[in-house]
Amino acid sequence: MKVPDFLKDFYNRQLAEWPLAANSCKALESIERKPFIVGDLKGYVQYNPSRKVSTLANVNPDAIKKRTCFLCSENRPTEQQSIEIIPGYQLLVNPYPILPYHFTIASESHKPQCFNAETATGLAQKLPGMAVFYNDDGAGASAPDHCHYQAVPMKTLPLINLLDSRWEEGDGGIFNNIMFTLDLPFKIIAGTMPTSLASNWETPINSYFWKSENDKIRFLIIGRKAHRPDFYFLSPPQRRAVSPGAIDMAGVIVTPFEEDFKLISDDEIKEIYSQTGLENNWEHNEK
């Protein structure tokens with residue numbers, strides 16, 4: 001599936017009107033990448049200096065309270081425009097993109113991050129060709145005080161491509177309608193909507209929703225046990241300033257420092273995944 005034309009038009013209008021976004025998106029054309037392999041996941045590491053503001057974000061509750069919320073409409077740059085994509089949610093061009101056509105989808109009201117399966121499904125229905133994803137508080141969210149989702153082209157996420165290549169439709173249950181065995185350092189839950197998929201989980205999560213070629217909404221949930229790995233808190237050169245969100249967990253590891261980009265190894269990436277993603281069985285509450 002391709003990026004919808006209305007998204008391309010909105011994206012291009014914003015780049016023409018907003019120099020910060022235009023320069024950040026232009027920089028993606030010459031960004032450095034290198035491949036990695038961890039089990040069945042073939043992804044890549046990306047050197048992206050503009051992501052320092054997110055990777056190094058202070059997510060301490062006191063720090064969050066003291067700063068201005070950059071997702072509230074009254075605090076956004078005057079150049080940043082929006083589209084109401086579903087009732088209550090505004091689609092915005094992300095001025096510090098990880099990938100081309102990187103959008104933020106912010107709640108119109110200021111409220112904490114709170115995953116809602118119906119909201120994610122509605123967004124995926126409106127955005128064919130895109131993977132709608134969510135970072136929980138404690139699972140990569142650098143703005144946990146303002147509920148928001150994000151979206152990128154689904155074909156840019158290696159884990160989504162891997163799942164689609166092995167997907168087998170079943171009877172519509174949450175756990176048994178996808179039949180494959182993957183070698184990954186963390187456990188995944190996947191399935192096809194509509195189901196009784198809960199919005200309330202026992203652990204912080206990264207979630208992904210996308211529309212398949214047969215127009216079904218597929219989902220992927222990754223449970224998290226840590227926001228950041230031990231490597232994040234070491235001193236250089238042992239430090240790896242990787243703060244995994246949904247994009248990182250899906251096979252695009254973002255490194256804002258060149259030294260980390262050059263030194264990070266496949267074994268270290270496997271350890272980062274193991275330290276942040278849940279490896280054992282974990283539970284969710286059904287509606």
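1. A good place to start is the pair of helices α1 (residues 5–17) and α2 (residues 19–27), which pack at an angle of about 110° with their axes 5 Å apart. That makes α1 roughly perpendicular to α2 (65 to 115 degrees counts as such). Axes here are lines fitted to C-alpha atoms over the stretch in contact, and angles run from 0 to 180 degrees between N-to-C directions. Helices are DSSP runs of H or I of at least four residues, strands E runs of at least two.

2. Who makes this contact (heavy atoms within 4.5 Å)? From α1 come Tyr11, Leu15 and Glu17, and from α2 Pro19, Ala21, Ala22 and Cys25. These residues divide into six nonpolar, no polar and one charged, with Ala, Leu, Tyr, Cys and Pro among the nonpolar types and Glu among the charged.

3. A note on the basis: this is a predicted model, where local features need pLDDT of at least 70 and side-chain atom pairs count only at pLDDT 80 or more, while totals for chains, interfaces and linings use all residues. Residues are numbered from 1 along each chain as its sequence is written, and side-chain values use heavy atoms, leaving out hydrogens and water.

4. Do look at Tyr47 in strand β2 (residues 41–47). Tyr47 counts as buried at 17% relative accessibility (the cut-off is under 20% relative accessible area, with a 1.4 Å probe and protein chains only). Its C-alpha atom is separated by 5.0 Å from that of Thr255, 208 residues apart along the chain. Beyond neighbours within four places in sequence, Tyr47 is in contact with residues including Ile31, Pro256 and Phe261.

5. Finally, six of the six residues of strand β8 (residues 188–193) are buried, so β8 is largely enclosed by the rest of the structure.

Technical notes
Buried means under 20% relative accessible area, exposed over 50%, partly exposed in between (1.4 Å probe, protein chains only). Contact means heavy atoms within 4.5 Å. Angles under 35 degrees count as roughly parallel, over 145 as roughly antiparallel, 65 to 115 as roughly perpendicular and the rest as oblique.
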